[in-house]
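Trainee: Could you take me through one part of this protein in detail? I would like a close look at the salt bridges, and then at how that part sits beside the rest of the fold.

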Amino acid sequence: MSAKFDRRHFIAAGTSALAMPFVARSASAQAAWPSRQIRMICSYPAGGQTDLLARAYGEFISKQVGKTVVVENKPGASGAIGTAEVARAEPDGHTMLCSISTTYIMNRVVMKNPGYDMDKDLTLVSVIPGAGLLLVANPKTGVKTLEDFVAFARKSGKVNFGTYSVGSSPHMTIHELNRQYGLSIEPVHYRGEAPMWTGMLEGTLDAAMGSFTAAQSVLQSDRGTVFAVHSKKVDAIPNVKTLPEQGATAKFFTVSGFSGWAVAKATPQPVVDRLAELCVAANNDPKVKDVLATFVLEPAIGFKETNALYQRELPIWIESAQSLGLEPA
């Protein structure tokens, strides 16, 4: 792949592969699945949202199939290290990946060689649509709405806005707000949400964007004011409007992002279907419900719905990254 990616190439490759994603699979299932222990590789560190989802859903799957599900954390390179391992695994459903949309979508845009090709090497099984991400302003700015934020940014000339990684949803949001309103918001990239919110607590940021749960340290200490949510309203703060409700028009403000599971591409379809069914059934498990509630997340969705979501959001992410000028590193 050349250093400069071509939008038409990415979108055509992504959508055409999604239209026929299972041709390479064996038409018949292998020996009864599962026949041994299942590895669920979580491509992010222990203790975070993705890890807790992997463990809760993994425990439920284990109880249903009578085989141990071992969660292994393989973090690094925005999830690429663990994902590449699953892509190389035997395609029999005994190795699963639990990761997020940054890994499944944005790595193809910002990395020359992440170690896997999403279209050729992996199949999405089931995902949990993303919750509304909060846009939070430092109280000293006086910002309470998007209109306030735009006015503050224009008056200040420069705004330091925290993100949890290059190519993340906050990074794309900053870019789209700059484009629509002619602003000069500066992304300040951190290695994860925790250090980003610490920066907010310390008063070094004018604004930041991230999950409802992770932002509580800032909100409960009155070090931040929520002035918008990205694309979905959050039940816990129903009076805070989304960016589109406040006049933001970019297509990117319609994507949800997601967390979810994938397996190696040639995994037989019956096994993929069974895994998807188990993920959906797990939504009713008490431990799974607790984790979903903790992070204000929706339940996991089925195989067809998962791939429809991926197909819809992929070109929007790529188009936004293209306009930002991101290049594979």
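Mentor: Happy to. Let us start with the term itself: a salt bridge here is a side-chain nitrogen of Lys or Arg within 4 Å of a carboxyl oxygen of Asp or Glu. Side chains of opposite charge can pair when their charged atoms come close. Please keep in mind that this is a predicted model.

With that cut-off, Lys74 and Glu85 form a salt bridge, their closest N and O atoms being 2.9 Å apart. Lys74 sits in the loop between β2 (69-73) and α3, while Glu85 belongs to helix α3, so the pair links distant parts of the chain, eleven residues apart. Lys74 counts as partly exposed, because its relative accessibility is 25%.

Glu85 has another partner. The side chain of Arg39 meets that of Glu85 in a salt bridge at 2.6 Å, N to O. Arg39 lies in strand β1 (residues 38-42) and Glu85 in helix α3 (residues 80-87), so this pair ties together parts that are 46 residues apart in sequence. Arg39 is partly exposed at 23% relative accessibility, and Glu85 is partly exposed at 22%. Put the pieces together and you find a network of salt bridges that links Arg39, Glu72, Lys74 and Glu85.

The structure holds 14 salt bridges, and another one makes a useful companion to the network. Arg274 and Glu277 meet through their side chains at 4.0 Å, N to O. These two are three residues apart in helix α10 (residues 269-281), which means that about one helical turn separates them. Arg274 is partly exposed, with a relative accessible area of 34%, and Glu277 is partly exposed too, at 48%.

Now for the nonpolar side of the picture. In soluble globular proteins, nonpolar side chains tend to be buried together. The largest nonpolar core here has 54 residues, and Tyr104, Leu146 and Phe149 touch the most other members. Helix α12 (residues 303-324) gives the largest share of this core, seven residues. Apart from this core lies another, of 35 residues, including Val125, Leu275, Ala300 and Phe303. If you centre your view on Tyr104 and set aside residues up to four places away in sequence, you will see contacts with Leu97, Cys98, Met118, Phe258, Trp261 and Tyr310, among others.

Val136 is a good residue to look at next. Its place is in strand β5 (residues 134-137), and it is buried, because its relative accessible area is 0%. Beyond its neighbours within four places in sequence, its contacts include Trp197, Met200, Val218, Leu219 and Phe227. Val136 and Ala215 are 79 residues apart in sequence, yet their C-alpha atoms are 8.4 Å apart in space.

Finally, have a look at the open space. The largest pocket holds about 1100 Å³. It is lined by 48 residues, and those closest to its centre are Tyr44, Thr50, Ile100, Tyr164 and Glu193. Elements that each supply at least two residues of this lining include α2 (49-65), α4 (101-110) and α8 (193-201), along with strands β4 (122-129) and β10 (258-264). By type, the lining residues divide into 22 nonpolar, 23 polar and three charged.

Methods. Residues numbered from 1 in each chain as written. Predicted model: local features only at pLDDT ≥ 70, side-chain atom pairs only at ≥ 80, totals over all residues. Heavy atoms only, no water. 1 Å grid on protein atoms, 1.4 Å probe; cavity = no way out; pocket = protein on both sides within 12 Å on 5 of 7 lines; lining within 4 Å. Points joined across faces, edges and corners; volume = space filled by probe spheres on them. Helix = DSSP H or I, 4+ residues; strand = E, 2+ residues; numbered from the N terminus. Nonpolar A, V, L, I, M, F, W, Y, C, P; charged D, E, K, R; others polar. Buried < 20%, exposed > 50% of the residue type's maximum accessible area, 1.4 Å probe, protein only. Contact = heavy atoms within 4.5 Å. Core = buried A, V, L, I, M, F, W, Y, C linked by side-chain atoms within 4.5 Å.
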